[in-house]
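Here is a quick tour of one protein model, written for someone who would rather look at the structure than wade through tables. Have the viewer open as you read.

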Amino acid sequence: MQHRIIVLGAGYTGAVAAGRLARRLHREDVAITVVNAEPDFVERVRMHQLAVGQDLRPRPLGEMFAGTGVELKLAKVTGVDVDRKTVSVTDAGGIEESLEYDTLVYALGSGWNDQGVPGTAEYAHEIASRPGALRLRERLARLDAGQPVVVVGGGLTGLEAATEIAEARPDLDVALAARGGLGDWLSDKGRGHLRKVFGKLGITVHEHAAVTAVEADHVTLADGASVPAAVTVWTTGFAVHPIARATTLEVADTGQIVVDRTMRSVSHPDVYVIGDAAMAMGHGDKPLRMSCASGGFTAWQAAEAIAARLTGGKLPNVPIRYFNQCISLGRREGLIQYVTADDRSVRAALTGRLAAVYKELVCKGAAWSVANPTFGMPIRRRRVVRQPVSTGPAVKTAA
């Protein structure tokens, strides 16, 4: 019988993992199925561009997986039973189905996090998904000149959203509300460049200003101040899909699934978790941040570990580390902040037009790697010689 591998989600991590597995394992031995709700790959790192009216290149998943032996199933995941080893899905026509697996790769990722702030769900816009970005796109297009837009959140997504909106719509009054200082985790050079770009684009910055409530026409800050907002864009972090909490998988307080260094669940060894859904440790035993940068590492690690365990090969033991943080500041400006292995900023930073080009190449490279997950990777399909351990606890470090 073929070993059934089901990959949940075809984002940056799920698509790459499926492609690598197809390259590593003989088709006669495995059946690889990718379950995804949408027919196209979504370039999540470009949602702020989509929101301001830019058109993104369509990337059909069917074309990406053509000829690989990977089966694409268009359906929404509604439940996972890790004890019975089944996945419940519903297709676009409402037909429900239960899929059985031998190995599960959980790559459902994350969505926006409203942090429980009153009014956020009712009045704020999110750009963590394509539907959210398209709704914001429609709303921004209806705004008249001079109307206020407030971006809440001073992280990478908030910086990119605020600058993209301000550059695309210089007629709007754009503001950013950050809980801390503007770019306070960056180097001196990085912070200086960020302030220069924000000033040039005319973006008002409310620093050390937590938003405590969102209304239809304004946001309220912790000190009681009211900031006008015809549109509020909420970018205060991500929350993982709630499906994991509903299972018997061991999860962290964040709802992320706890994994070992091969991305295998510590409670269910036939489940691997990649991307934002994984509580994985990087350099210095620090949790990896939710990001595209982290996702690529985890996808590679999981795929190689699954192939190794199925074929009796050597487990991967490559440490996961960071190199830089890439921030687009509109189409003409960028900031590349170099970091330590555990993601702390160092003095060096690349700024200006060259940084914008660098960031664009990174985005193109990420999408290209999804469409070509095995380019330059030698074909070393190995025969499945034994089944992976399916009972008992998983080890917490790579063997």
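## Around Gln147

Gln147 is partly exposed, with a relative accessible area of 26%. That puts Gln147 in the in-between class, since buried means under 20% and exposed means over 50%. Keep in mind that this is a predicted model. To find the residue, go to the loop between helix 5 (130-141) and strand 10 (148-152).

What does Gln147 touch, leaving out residues up to four places away in sequence? Its partners are Leu172, Asp173 and Ala230. There is also a polar atom in the Gln147 side chain that lies 2.7 Å from the backbone nitrogen of Asp144. For a sense of scale, try Gly313: from Gln147 it is 166 residues along the sequence, and the two C-alpha atoms are 60 Å apart in space.

## Rings and a charge

How many aromatic pairs does a search of the whole structure find? Just one. The pair is Tyr12 with Phe41: the ring centres are 5.0 Å apart and the planes sit at 90 degrees, so this counts as edge-to-face. Tyr12 belongs to helix 1 (residues 12-24), while Phe41 is in the loop between strand 2 (30-36) and helix 2 (47-51), so the pair ties together parts that are 29 residues apart in sequence. Buried or exposed, these two? Both Tyr12 and Phe41 are buried.

Another ring worth a look is that of Phe323. The charged end of Arg321 sits over this ring, 4.3 Å from the ring centre.

## The whole chain

Zooming out, the protein chain has nine helices and 23 strands. Along the principal axes, its C-alpha atoms fill a box of roughly 65 × 50 × 35 Å. The radius of gyration is 22 Å, and this agrees with the value near 21 Å that a compact globule of 399 residues would have.

Of the 399 residues in the protein chain, 51% are buried. The chain exposes about 17,600 Å², and 53% of that comes from carbon and sulfur atoms. As for how the sequence folds back on itself, take the contacts with a separation of 6 or more: residues 24 or more positions apart account for 65% of them.

Methods: Residues numbered from 1 in each chain as written. Predicted model: local features only at pLDDT ≥ 70, side-chain atom pairs only at ≥ 80, totals over all residues. Heavy atoms only, no water. Helix = DSSP H or I, 4+ residues; strand = E, 2+ residues; numbered from the N terminus. Buried < 20%, exposed > 50% of the residue type's maximum accessible area, 1.4 Å probe, protein only. Contact = heavy atoms within 4.5 Å. Polar contact = N/O pair within 3.5 Å; in protein donor to acceptor, adjacent residues only side chain to side chain. Phe/Tyr/Trp six-rings, centres within 6.5 Å; stacked < 30°, edge-to-face > 60°. Lys NZ or Arg CZ within 6 Å of the ring centre and 35° of its normal. Rg over C-alpha atoms; globule rule 2.2 N^0.38 Å. Areas by Shrake-Rupley, 256 points an atom, 1.4 Å probe, with all protein chains shown as cover.
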